[in-house]
Amino acid sequence: MNYKSFPDEYWTQIKSVIADLKNKGTPLIAAFDADGTLWDIDLGENFFQHQIDHKQIPLPPDPWTYYLELKKKNNDPREAYAWLAQINKDLELTQVQAWAQTAFDQIAPKPIFSEQKKLIDLLLENSIQVYIVTASIKWAVEPGAKALGLSADHVIGVQTKVINNIITDEKVLPITYRQGKVDALLQHTNQLRPFLCVGNTIGDYELLQSSTDIRLAVSAASRDDKLFKAENELFNKAGEQNWWRHRFL
């Protein structure tokens with residue numbers, strides 16, 4: 001699918017901000033949400049379906065219904081997000097990562113937003129640390145990061161503790177949703193805030209708020225898409241606060 005390019009003025013301003021901050025000697029960090037922000041797919045749920053299809057893990061009789069109901073519990077989806085990591089308990093991390101890579105490799109064509117790849121390339125060319133901060137499980141998003149030239153240690157996502165390469169069901173906190181995205185990012189950056197943040201739903205609102213300079217809300221969901229409401233909510237918030245906004249469609 002052909003997605004709309006960022007306006008020329010965005011590129012001009014991004015380059016100007018980068019040059020200004022580098023001249024000041026400011027260490028530069030950028031943070032992106034993953035699903036719906038970097039690519040037009042949910043890699044976490046795609047991997048969940050892959051695991052269901054290939055019977056890789058023990059699951060409830062109707063795993064999707066179980067997961068979706070868990071997301072609604074107490075109007076807080078964090079338990080559901082953690083569960084997608086916990087179902088891999090007792091498996092080797094390297095095995096789960098290999099399955100995640102296979103699930104990603106089978107997506108064709110890759111629905112990566114070309115403008116985001118172009119932006120990340122620009123950031124990397126300027127020696128800027130780029131992090132992906134996602135409410136999907138980290139292991140499912142790592143292959144997408146790799147396709148964008150980023151290493152697994154720059155993916156901050158939902159995960160459980162791993163001991164001697166064996167996945168446990170003990171949650172790693174904070175869960176990377178809403179304020180948890182900011183808290184987890186700052187843990188990785190020694191409390192250094194990003195100068196640029198990009199997200200697509202209201203779940204990324206706090207992440208965008210944490211940016212020191214550029215906040216960009218993006219959207220690609222159509223009106224009948226399950227993401228449209230959450231994307232529209234962030235878009236409206238961004239408009240109220242004069243943040244950058246871009247519709248890929």
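1. Axes here are lines fitted to C-alpha atoms, for helices over the stretch in contact, and angles run from 0 to 180 degrees between N-to-C directions. In these terms helix α4 (residues 78-86) lies across β2 and β3 and runs at about 95° to β2. The model under discussion is a predicted one, and the points below should be read with that in mind.

2. The sheet itself is open and is formed by 6 strands in the order β3-β2-β1-β6-β7-β8, with parallel pairing. Its edges are β3 (155-158) and β8 (244-247), each of which pairs on one side only. Between neighbouring strands of this sheet the average turn is 15°, direction ignored. At the β3 edge, strand β2 (residues 129-137) pairs with β3 in the parallel sense over 3 bridges, and Ile137 has Val158 of β3 as its bridge partner.

3. A second helix to consider against the sheet is α6 (residues 114-125), which lies across β1 (29-32), β2, β6 (196-199) and β7 (214-219) and runs at about 160° to β1.

4. Within strand β2, Ala135 offers a useful local check. Ala135 counts as buried because its relative accessible area is 14%, which is under the 20% cut-off. Leaving aside residues up to four places away in sequence, Ala135 touches Tyr81, Val158, Thr176 and Lys181. Ile57, by comparison, is 78 residues from Ala135 in sequence, and the two C-alpha atoms are 21 Å apart in space.

5. The next points concern helix packing, and two packed helices are described by the angle between their axes and the distance between the axes. For α1 and α6, the axes come within 12 Å and cross at roughly 20°, so α1 is roughly parallel to α6. The crossing of this pair is right-handed. On the α1 side the contact is made by Trp11, Ile14, Lys15 and Ile18, and on the α6 side by Glu115, Lys118, Leu119, Leu122 and Leu123; by class, these comprise 6 nonpolar, no polar and 3 charged residues.

6. Helix α2 (residues 43-53) packs with helix α5 (residues 93-105) at an angle of about 105°, the axes being 9 Å apart, and α2 is therefore roughly perpendicular to α5. From α2 the contact draws on Leu43, Asn46, Phe47, His50 and Gln51, and from α5 on Val96, Trp99, Ala100, Thr102, Ala103 and Phe104. The division by class is 7 nonpolar, 4 polar and no charged residues.

7. Helix α5 also packs with helix α7 (residues 138-147), where the axes come within 8 Å and cross at roughly 55°, so that α5 is oblique to α7. This crossing of α5 and α7 is right-handed. Leu93, Val96, Gln97, Ala100, Gln101 and Phe104 in α5 meet Trp139, Ala140, Glu142, Pro143, Gly144, Lys146 and Ala147 in α7, and the contact divides into 8 nonpolar, 3 polar and 2 charged residues. Val96, Ala100 and Phe104 are listed in the contact of α5 with α2 and again in that with α7.

8. Ahead of α1 (8-23), in the segment before this helix, stands Lys4, which is partly exposed with a relative accessible area of 47%. Not counting residues up to four places away in sequence, Lys4 touches Glu115, His246, Arg247, Phe248 and Leu249; of these, Glu115 also belongs to the α6 side of the contact with α1. The C-alpha atoms of Lys4 and Asn200, which are 196 residues apart along the chain, are separated by 15 Å.

9. Backbone geometry deserves a separate look, since most residues other than glycine have a negative phi, and most peptide bonds are trans. A cis peptide bond joins Ala108 and Pro109, with omega at about -10°, and Pro109 is placed in the loop between α5 and α6. Another cis peptide bond joins Leu173 and Pro174, with omega at about 0°; Pro174 lies in the loop between β5 (166-171) and α8 (179-188).

10. Positive phi values should be inspected at two loop positions. Asp90, found in the loop between α4 and α5, has phi near 75°, a positive value in a residue other than glycine, and is exposed, with a relative accessible area of 56%. Asn165, in the loop between β4 (160-163) and β5, has a positive phi near 70° and is partly exposed, with a relative accessible area of 27%.

Conventions. Residues numbered from 1 in each chain as written. Predicted model: local features only at pLDDT ≥ 70, side-chain atom pairs only at ≥ 80, totals over all residues. Heavy atoms only, no water. Helix = DSSP H or I, 4+ residues; strand = E, 2+ residues; numbered from the N terminus. Buried < 20%, exposed > 50% of the residue type's maximum accessible area, 1.4 Å probe, protein only. Contact = heavy atoms within 4.5 Å. Pairing = 2+ DSSP bridges. Parallel < 35°, antiparallel > 145°, perpendicular 65-115°, else oblique. Left-handed = near helix turned anticlockwise from the far one by under 90°. Nonpolar A, V, L, I, M, F, W, Y, C, P; charged D, E, K, R; others polar.
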